[in-house]
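The following account leads through a single protein chain, from its overall plan to its sheets, a helix and a pocket. The reader is invited to keep the sequence and the coordinates at hand.

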Amino acid sequence: MTNAAIDTGILFATDLAGLSRFYVEALRIDEDEVVEEDGHVGFDLGDIYLGFDQSDGSHQHPGAVSFWVRVDDLDETYERCLTLGATSLIEPVERPWGDRLAAVHDPEGNVLGFSLRQDESRAASSE
């Protein structure tokens with residue numbers, strides 16, 4: 001067994017301000033929690049730090065990353081992303097194992113996916 005765990009994710013952006021703003025708005029991150037430095041923007045997302053670095057053009061674009069997050073309201077988050085300029089990749093769908101999934105291409109072509117466990121959704125709606 002390993003004690004390794006993902007701690008940080010970095011997305012490279014040709015439009016640093018635009019891409020970081022998309023994620024802050026799409027994931028409803030409190031502006032006070034956003035770190036901005038020269039060529040870098042980031043925030044904590046649960047136990048993982050998600051950062052955005054200005055690309056110098058040496059990184060693959062678009063679609064360099066596939067990034068998936070668990071959300072409380074999949075349909076609302078998916079629609080919000082489309083409103084913010086994302087394009088649909090997977091419309092919200094229920095999978096045979098019980099999760100609902102959806103995915104978009106962010107403004108730079110990376111895949112941003114969403115998952116919602118049906119048992120969590122049912123428990124929240126029954127409260």
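The chain contains three helices and eight strands. The model is a predicted one. Along the sequence, these elements succeed one another in the pattern β-α-β-β-β-β-α-β-β-β-α. Of the 127 residues in the chain, 39% are buried. Among the contacts with a separation of 6 or more, 54% are between residues 24 or more positions apart.

One part of the strand set forms an open sheet of four strands with mixed pairing, in the order β1-β4-β3-β2. Because β1 and β2 each have a single partner strand, they stand at the edges, and one side of each is left without a neighbour in the sheet. From one strand to the next, the twist averages 20 degrees.

Within this sheet, β2 (35-37) runs antiparallel to β3, a strand of residues 40-45, and three bridges join the two. Two individual pairs show the register: Val-35 stands opposite Gly-42 in β3, and Glu-36 has Val-41 of β3 as its bridge partner. The two strands form a hairpin with two residues between them, and Gly-39 in the turn has a positive phi of about 75 degrees. The strand β3 then pairs with β4 (residues 48-54), again in the antiparallel sense, over six bridges. Here the bridge partner of His-40 is Asp-53 in β4. The hairpin of β3 and β4 also has two residues between its strands, and Gly-46 takes a positive phi near 65 degrees.

The helix α1 lies across β1, β3 and β4, and runs at about 155 degrees to β4. How many of the eleven residues of α1 are buried? Eight are, so the helix is largely enclosed by the rest of the structure. These buried residues are Leu-16, Gly-18, Leu-19, Ser-20, Phe-22, Tyr-23, Val-24 and Ala-26. Their packing partners are β1 (8-13), β3, β4, β5, α2 and β8. These partners include β1, β3 and β4, which belong to the sheet just described, as well as β5 and β8, which belong to another sheet.

Arg-28 follows α1 and lies in the loop between α1 (16-26) and β2. Although Arg-28 is not a glycine, it has a positive phi of about 55 degrees. Its relative accessible area is 58%, so Arg-28 is exposed, the cut-off for this class being over 50%.

The other open sheet also has four strands and mixed pairing, with the order β5-β8-β7-β6. Its edge strands are β5 and β6 (87-94), each of which pairs on one side only. Neighbouring strands are turned against each other by 15 degrees on average, with direction ignored. Five bridges pair β6 with β7 (residues 99-105) in the antiparallel sense, and Ile-90 has Ala-103 of β7 as its bridge partner. The helix α2 packs on this sheet, where it touches β6, β7 and β8 (111-117). The direction of α2 makes about 5 degrees with that of β7.

The loop between β7 and β8 holds Asn-110. Is this residue buried or exposed? With a relative accessibility of 2%, Asn-110 counts as buried, since buried means under 20%. Asn-110 and Ala-13 are 97 residues apart in sequence, and their C-alpha atoms are 9.8 Å apart in space.

It remains to consider the open space at the protein surface. Rolling a probe the size of a water molecule over the atoms shows where empty space is left. The largest pocket encloses about 210 Å³ of space. Its lining consists of Ala-26, Leu-27, Arg-28, Leu-45, Val-69, Arg-70, Val-71, Asp-72, Asp-73, Glu-76, Thr-77 and Arg-80. By class, the lining divides into five nonpolar residues, one polar and six charged. Both β5 (66-70) and α2 (74-83) supply at least two lining residues, and α2 gives the most, with three. Two residues met earlier recur here: Ala-26 and Arg-28 are among those that line the pocket, the former a buried residue of α1 and the latter an exposed one in the loop that leads to β2.

Note on methods: Residues are numbered from 1 along each chain as its sequence is written. This is a predicted model: local features need pLDDT of at least 70, side-chain atom pairs count only at pLDDT 80 or more; totals for chains, interfaces and linings use all residues. Side-chain values use heavy atoms; hydrogens and water are left out. On a 1 Å grid over the protein atoms alone, a cavity is a set of points where a 1.4 Å probe fits but cannot get out, and a pocket is an open set with protein on both sides within 12 Å along at least five of seven lines; lining residues have an atom within 4 Å of a point. Grid points are joined across faces, edges and corners, and a volume is the space filled by probe spheres set on the points. Ala, Val, Leu, Ile, Met, Phe, Trp, Tyr, Cys and Pro count as nonpolar, Asp, Glu, Lys and Arg as charged, and the others, Gly among them, as polar. Two strands pair if DSSP finds at least two bridges between them. Axes are lines fitted to C-alpha atoms, for helices over the stretch in contact, and angles run from 0 to 180 degrees between N-to-C directions. Contact means heavy atoms within 4.5 Å. Buried means under 20% relative accessible area, exposed over 50%, partly exposed in between (1.4 Å probe, protein chains only).
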